[in-house]
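User: Could you take me through one part of this model in detail? I would like to follow a single helix and the sheet it sits against, and see what surrounds them.

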Amino acid sequence: MSDLAAVQARLDPLFPGLMGVRLTALSPERVLAEMAVRPDLCTAGGILHGGAYMAFADTLGAVGTFIQLGAGQRTTTTDSSTKFMAGARQGSMVTGESVALHRGRTTMVWQTSIRNAEGKLCAVVTQTQLVMAAG
């Protein structure tokens, strides 16, 4: 499934939809999205919470893998590493770009760069997605 609207419709009733993740581009090698920095996603200081960065990135890598699954397959994240560089202020928008570093039969590795409204790099997340038979 690589139709952007169809994948967005799958996300909307789930946690990514609750967070406000909006896909903007989709391909087997790259996923782009945006997310508003709402008060309920922030720390007391009005800065996007670290967990929100991580969940945003995890969603993009999972989506990149999901659109490549065959019939009867599913995916799950097996590991994730996050490096934080800057913050994103409440009331702004962050953008995420997830790029496939490895697309194998049983694992896919994605690296997501998240930028604030000024284009400054806020976080880099590298994750591994396991591809397995549904069951």
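Analyst: Happy to; what follows is a walk from helix H3 to the sheet, then to the core and the charged pairs.

Please keep in mind that this is a predicted model. Helix H3 covers residues 50-66, which makes 17 residues. From its first C-alpha to its last, H3 reaches 24 Å, close to the 24 Å expected at 1.5 Å a residue. Many of its side chains will not be easy to spot from outside: Ala52, Tyr53, Ala55, Phe56, Ala57, Thr59, Leu60, Gly61, Val63, Gly64 and Thr65 are buried. As a reminder for reading such a list, an α-helix has 3.6 residues a turn, so residues three or four places apart point the same way.

Now to what H3 sits against. The helix lies across S1, S2, S3, S4, S5 and S6, and its direction is at about 45° to S6. These strands make an open sheet of 6 strands in the order S1-S2-S4-S5-S6-S3, with antiparallel pairing. S1 and strand S3 (73-84) are the edge strands, each pairing on one side only. From one strand to the next, the twist averages 20°.

It helps to step through some of the pairings. Strand S2 (residues 30-36) is joined to strand S4 (residues 93-103) by 7 bridges, and the two run antiparallel. Along this pairing, Glu34 has Thr95 of S4 opposite. S4 in turn pairs with strand S5 (residues 107-115) over 8 bridges, again in the antiparallel sense. Here His102 has Val109 in S5 as its bridge partner, and the link from S4 to S5 is a hairpin through 3 residues. Further along the sheet, S3 and S6 pair in the antiparallel sense over 11 bridges, with Thr77 opposite Gln129 in S6.

Strand S6 also holds Met132. Met132 and Thr75 are 57 residues apart in sequence, yet 6.2 Å apart in space from C-alpha to C-alpha. Leaving aside neighbours within four places in sequence, Met132 is in contact with Gly72, Gln73, Arg74, Thr75 and Thr76.

Back to the helix, and to one residue that is a good place to centre your view. Phe56, one of the buried residues of H3, touches Met19, Val21, Ala33, Glu34, Met35, Val94, Thr95, Gly96 and Ile114, not counting residues up to four places away in sequence. The pair Glu34 and Thr95, which stand opposite each other across S2 and S4, are both among these contacts.

Phe56 also belongs to a bigger picture. The largest nonpolar core has 27 residues, and those with the most contacts inside it are Met19, Leu23, Met35, Leu48, Phe56, Val63 and Val94. Helix H1 (4-11), strand S1 (22-27), S2, H3 and strand S6 (121-133) each supply at least two residues of this core. The largest share, 7 residues, comes from H3. In soluble globular proteins, nonpolar side chains tend to be buried together.

What about the charged residues? Side chains of opposite charge can pair when their charged atoms come close. The model has 4 salt bridges by the rule used, and three of them are worth a visit.

One joins Asp12 and Arg22, with the closest N and O atoms 2.6 Å apart. This pair links distant parts of the chain, 10 residues apart: Asp12 is in the loop between H1 and helix H2 (15-19), and Arg22 is in strand S1. Asp12 counts as partly exposed at 34% relative accessibility, and Arg22 is partly exposed too, with a relative accessible area of 36%.

Another is formed by Glu29 and Arg103, whose closest N and O atoms are 3.5 Å apart. Glu29 lies in the loop between S1 and S2 and Arg103 in strand S4, so this salt bridge ties together parts that are 74 residues apart in sequence. Glu29 is partly exposed with a relative accessible area of 41%, and Arg103 is partly exposed, also with 41%.

The third to look at is between Asp40 and Arg38, where the closest N and O atoms are 2.9 Å apart. Asp40 is exposed, with a relative accessible area of 57%, whereas Arg38 is partly exposed at 26%.

Technical notes. Residues numbered from 1 in each chain as written. Predicted model: local features only at pLDDT ≥ 70, side-chain atom pairs only at ≥ 80, totals over all residues. Heavy atoms only, no water. Pairing = 2+ DSSP bridges. Helix = DSSP H or I, 4+ residues; strand = E, 2+ residues; numbered from the N terminus. Expected span 1.5 Å × (residues − 1). Buried < 20%, exposed > 50% of the residue type's maximum accessible area, 1.4 Å probe, protein only. Core = buried A, V, L, I, M, F, W, Y, C linked by side-chain atoms within 4.5 Å. Contact = heavy atoms within 4.5 Å. Salt bridge = Lys/Arg side-chain N within 4 Å of Asp/Glu carboxyl O. Axes fitted to C-alpha atoms, helices over the stretch in contact; angles between N-to-C directions.
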